[in-house]
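The following exercises are to be worked with the sequence and the 3D structure at hand. Each task is followed by a solution in steps.

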Amino acid sequence: QDTQDRQDTQDPHAAGSDEKTLASSLARLFVGAVQPSLRVRVLGYGTLYVCPASDCYRTDFEIARVGEALDAQRFILTAISAGSSELTANDMQERPLDELLWAIGLHTARERQPGPAPRQRLRSWPDFGRLAHDPRYLQASAALSTAAMDRQELAAAAGLDEAQADRFLHACQLCGLLETVADAAPAPSPAAAPSRGGLFDRLWRRLVK
């Protein structure tokens with residue numbers, strides 16, 4: 001058994017706000033450099049295993065229900081050994097970890113840091129062939145590929161509200177797709193910026209082929 005390698009910690013959150021959901025608890029864990037393997041028992045759903053060492057996650061319930069499970073507020077998080085035999089059970093469904101991190105980001109706002117919000121840009125595009133997305137995320141990605149932006153600038157450039165822009169940035173951050181640009185100049189307003197229509201249309205056609 002892996003008793004010495006694990007620590008059971010029942011989340012004290014019971015009900016009330018987005019900050020008390022499973023998605024928020026996982027987001028706080030995955031912002032840090034140390035990302036433990038986890039067993040998450042979610043009331044009404046089943047068990048979710050998060051396996052950073054093998055870059056995957058696994059469930060004993062339908063993958064299609066993971067999004068719903070992330071909104072749950074009754075769950076038990078347990079840190080387990082990366083070599084635990086629980087992680088190799090044959091009756092579980094396995095998916096790439098970035099799909100879970102992406103969903104966590106879209107479910108949660110970023111934690112606010114003191115000082116002005118940094119401007120960030122994309123190092124690489126999200127894999128929209130696998131990751132759930134709003135069509136406006138394509139425009140957001142095109143904008144962030146050409147200029148470093150904060151959430152207000154991104155919202156204006158992509159036709160999102162600020163909360164949607166923040167969650168898109170959070171998803172990209174958790175998946176390691178963003179880089180912060182120190183002392184970046186403010187992005188031009190959509191009215192003053194050159195038209196992105198041609199670039200966006202070409203990117204859209206390429207992605208939907």
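A residue is called buried when its relative accessible area is under 20%, exposed when it is over 50%, and partly exposed in between, with a 1.4 Å probe and protein chains only. The model is predicted, so local features need pLDDT of at least 70 and side-chain atom pairs count only at pLDDT 80 or more, while totals for chains, interfaces and linings use all residues. Residues are numbered from 1 along each chain as its sequence is written, and side-chain values use heavy atoms, with hydrogens and water left out.

**Exercise 1. Describe the protein chain as a whole.**

Step 1. Helices (H or I, at least four residues) and strands (E, at least two) are DSSP runs, numbered from the N terminus. The protein chain has seven helices and eight strands.

Step 2. Of its 209 residues, 42% are buried.

Step 3. A contact means heavy atoms within 4.5 Å. Among contacts in the protein chain with a separation of 6 or more, 71% join residues 24 or more positions apart.

**Exercise 2. Characterise helix α6 and state what covers its buried residues.**

Step 1. Helix α6 spans residues 162-174, and its 13 residues reach 18 Å from the first C-alpha to the last. This is close to the expected 18 Å, the expected span being 1.5 Å times one less than the number of residues.

Step 2. The ends are considered next. At the N-terminal end, aspartate 161 caps α6, with a side-chain oxygen 3.1 Å from the backbone nitrogen of alanine 163. After α6 comes glycine 176, which has a positive phi near 75°.

Step 3. The buried residues of α6 include Ala165, Asp166, Phe168, Leu169 and Cys172. Their cover includes α1 (22-31), α3, β7 (120-122), α4 (136-146), α5 (151-158) and β8 (178-180).

Step 4. One of these covering elements, helix α3 (residues 97-107), is itself mostly covered, as eight of its 11 residues are buried.

**Exercise 3. Trace the surroundings of aspartate 166 and arginine 151.**

Step 1. Aspartate 166 lies in helix α6 and counts as buried because its relative accessibility is 1%.

Step 2. Apart from neighbours within four places in sequence, aspartate 166 contacts Ala109, Arg110, Arg112 and Arg151.

Step 3. Arginine 151 belongs to helix α5. With neighbours within four places again set aside, the contacts of arginine 151 include Glu162, Ala165, Asp166 and Leu169.

Step 4. A polar contact is a pair of N or O atoms within 3.5 Å; within protein, one must be able to donate a hydrogen and the other to accept it, and residues adjacent in sequence count only if both atoms are side-chain atoms. The side chains of arginine 151 and glutamate 162 make such a contact, at 3.1 Å.

**Exercise 4. Identify how aromatic rings link α3 with α6.**

Step 1. Rings of Phe, Tyr and Trp (its six-membered ring) pair if their centres lie within 6.5 Å; planes under 30 degrees apart count as stacked, over 60 as edge-to-face and the rest as tilted. This rule gives six aromatic pairs.

Step 2. One of the pairs is formed by tryptophan 102 and phenylalanine 168, which are edge-to-face at 6.0 Å centre to centre with 90° between the planes. Tryptophan 102 is in helix α3 and phenylalanine 168 in helix α6, so that the pair links parts of the chain 66 residues apart. Both residues are buried.

Step 3. Tryptophan 125 and phenylalanine 128 are also edge-to-face, because their ring centres are 6.2 Å apart and their planes stand at 85°. Tryptophan 125 is partly exposed at 27% relative accessible area, whereas phenylalanine 128 is buried at 8%.

Step 4. Trp102, Trp125, Phe128, Tyr137 and Phe168 form one aromatic cluster.

**Exercise 5. Determine how many disulfides the structure contains.**

Step 1. A disulfide is a pair of cysteine sulfur atoms within 2.5 Å. The search of the whole structure finds zero.

Step 2. For cysteine 56, the nearest cysteine sulfur belongs to cysteine 51 and is 4.2 Å away. Cysteine 56 is buried, with a relative accessibility of 3%.

Step 3. For cysteine 172, the closest cysteine sulfur is that of cysteine 175; the distance of 7.2 Å is too far for a bond. Cysteine 172 is buried as well, at 0% relative accessible area.
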